[in-house]
Amino acid sequence: MTTERFSRDAATDLALMREALALAQLAVGLSDPNPRVGCVISQPDGAGGQRIVGRGHTQQAGGPHAEVMALRDAAARGETVRGATVHVTLEPCAHHGRTPPCCDALIAAGVARVVFAVEDPFPAVAGRGAARLRDAGIGVEDGVLAAEARALNIGFFSRVLRARPWLRLKAAVSLDGRTALNNGASQWITSAAARADGQAWRQRAGAVLTGIGTVLSDDPRLDVRLPGNHRQPLRVVLDARLNTPSAARIFQPPGAVLLVTAAEPPIERRAALEATGAEILLTPGADGRIDLPGLLAELARRGVNELHVEAGARLNGALLQAGLVDEWLIYMAPKLLGAGRPLADFGPLATLAETTPLRLHAVDHVGDDLRLIARPLHGWQP
């Protein structure tokens, strides 16, 4: 069996937590609505270093958590965990949900030390897991790579702390900010590499949101088509008058569809759409339109951590003006379209003081394109 060794110095916790974070990445597209958590268990190697004896990450909802998977991995290798050190990216849970408390499993296993990246914000945990471990005589430390752990679970923190998903708005644009030609042609502005990268971001989401305009013009499926994908996000269509055709590709399996409307549809229309397997949700606002904040609250109640938006200018503008966009995921192609369709329909603004200030969170090359991640300058942070 191959094992990894780390020197016993200040870098040990960082190195082992990075291993745990890499494992947590494997839970993307698998663990929702549970957080993405990774865990490594290590023992002294007798030469001044540490060797990893168990690894694990969160499984599907209702399945084992990362700590239990790592304990099982160690047992399968014939390794002892008594007196071991555990590095886990989120505070071990202390409550009975779909599975027993992870802190109880660690206590029963006889580990000596637990290092976690960030406290679990869920009210039934929120420090209780750490307290239970300390009460059992286990050394507990936290805060190692906390920012990285929060970033991986930004949607989970958003849902728990503010009762709404983290809303990420994705768009592909030209260098002059156009998402399509005037006639609607948009396939393809960006490269195949950018489109594949967009699939990975779609995979992160608990739900993908679009509007009826996009359904009628592009007839998208909005599913995840990546090898080894475990779970399809809920596909949500905002359709105030329920004009979605029954033959639209968005109804094709796999995955569920939620049609959101503002008024009760005629019985025949409801029956035709429900025959596709879709669910119809009424979310009327005071102005007779769909209540966007109310919809986000409902999606949070359904366990959606990250909401991925792929829509047209009108819906993008409405979400922007409602202050609901937490993050802009923009793929920018090095080409000019001239007159065409904008990224978001809002304004016109009278002064530059009315603009929406953003800060660039990340800028990367993806194929021939740029991937820009921008967030509101004074937006919510976990």
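Visitor: In this model, where is the place of Trp188?
Guide: The model is a predicted one. The peptide bond from Gln187 to Trp188 is cis, with omega near 5°. As for its place, Trp188 belongs to the loop between strand S8 (178-181) and H7.

Visitor: Which residues does the cis peptide bond with omega of about 0° join?
Guide: The proline in question, Pro254, is in the loop between strand S10 (234-238) and strand S11 (257-261). With omega at about 0°, the cis bond joins Pro253 and Pro254.

Visitor: How many helices and strands does the secondary structure of the protein chain come to?
Guide: The chain has 382 residues, of which 50% count as buried. Its secondary structure comes to eleven helices and 17 strands.

Visitor: What radius of gyration does the protein chain have, against that of a compact globule?
Guide: The C-alpha trace spans about 70 × 50 × 40 Å along its principal axes. For 382 residues, a compact globule would have a radius of gyration near 21 Å. The chain agrees with that, at 23 Å.

Visitor: What share of the contacts with a separation of 6 or more comes from residues 24 or more positions apart?
Guide: One pair that ties together separate parts of the sequence is Arg168 and Glu306, which are 138 residues apart. Across the protein chain, residues 24 or more positions apart account for this share of the contacts with a separation of 6 or more: 70%.

Visitor: What share of the accessible surface belongs to carbon and sulfur atoms?
Guide: The accessible surface of the protein chain comes to about 17100 Å². The part belonging to carbon and sulfur atoms is 54%.

Visitor: Why is Cys93 not bonded to Cys102, and how many disulfides does the count come to?
Guide: A disulfide needs two cysteine sulfur atoms within 2.5 Å. The closest cysteine sulfur to that of Cys93 is in Cys102, 3.6 Å away, so the two are too far apart for a bond. Cys103 is in no disulfide either, its nearest cysteine sulfur being that of Cys93 at 6.5 Å. The count of disulfides is zero.

Visitor: Is Cys103 buried or exposed?
Guide: Buried means under 20% relative accessible area. Cys93 meets this at 6%. Cys103 has 0% relative accessibility, so Cys103 counts as buried.

Visitor: Which strands hold Arg168 and Glu306?
Guide: The two residues form a salt bridge, with the closest N and O atoms 2.8 Å apart. Both Arg168 and Glu306 are buried. Arg168 lies in strand S7 (residues 166-173), and Glu306 in strand S13 (residues 306-309).

Visitor: Which helix holds Arg204, the residue that pairs with Glu306?
Guide: The side chains of Glu306 and Arg204 meet in a salt bridge at 2.7 Å, N to O. Glu306 is buried at 1% relative accessible area, and Arg204 counts as buried at 14%. The pair links parts of the chain 102 residues apart, with Arg204 in helix H7 (residues 192-204).

Visitor: Which residues are linked with Arg168, Arg204 and Glu306 in a network of salt bridges?
Guide: The count of salt bridges comes to 25. The bridges of Glu306 to Arg168 and to Arg204 belong to a network that also links Asp32, Arg36, Arg231, Glu327 and Arg375.

Visitor: Where is Arg302, the partner of Glu279?
Guide: Glu279 and Arg302 form a salt bridge, the closest N and O atoms being 2.8 Å apart. Glu279 is partly exposed at 36% relative accessible area, and Arg302 is partly exposed at 34%. Glu279 is in strand S12 (residues 279-282), and Arg302, 23 residues away, is in the loop between H10 and S13.

Visitor: Which residue caps the N-terminal end of H10?
Guide: Helix H10 covers residues 292-301, and its buried residues include Leu292, Leu295 and Leu299. An α-helix has 3.6 residues a turn, so residues three or four places apart point the same way. After the helix comes Gly303, with a positive phi near 90°. At the N-terminal end, a side-chain oxygen lies 3.1 Å from the backbone nitrogen of Gly294, and the capping residue is Asp291.

Visitor: Is Leu145 buried or exposed?
Guide: Leu145 is not a glycine, yet has a positive phi of about 55°. Leu145 is in the loop between strand S6 (139-142) and helix H5 (146-152). At 12% relative accessibility, Leu145 counts as buried.

Visitor: What is the phi of Asp219?
Guide: Asp219 is in the loop between helix H8 (212-218) and S10. Asp219 is partly exposed, with a relative accessible area of 28%. Although Asp219 is not a glycine, its phi is positive, at about 50°.

How values were computed: Residues numbered from 1 in each chain as written. Predicted model: local features only at pLDDT ≥ 70, side-chain atom pairs only at ≥ 80, totals over all residues. Heavy atoms only, no water. Buried < 20%, exposed > 50% of the residue type's maximum accessible area, 1.4 Å probe, protein only. Helix = DSSP H or I, 4+ residues; strand = E, 2+ residues; numbered from the N terminus. Polar contact = N/O pair within 3.5 Å; in protein donor to acceptor, adjacent residues only side chain to side chain. Rg over C-alpha atoms; globule rule 2.2 N^0.38 Å. Contact = heavy atoms within 4.5 Å. Areas by Shrake-Rupley, 256 points an atom, 1.4 Å probe, with all protein chains shown as cover. Salt bridge = Lys/Arg side-chain N within 4 Å of Asp/Glu carboxyl O.
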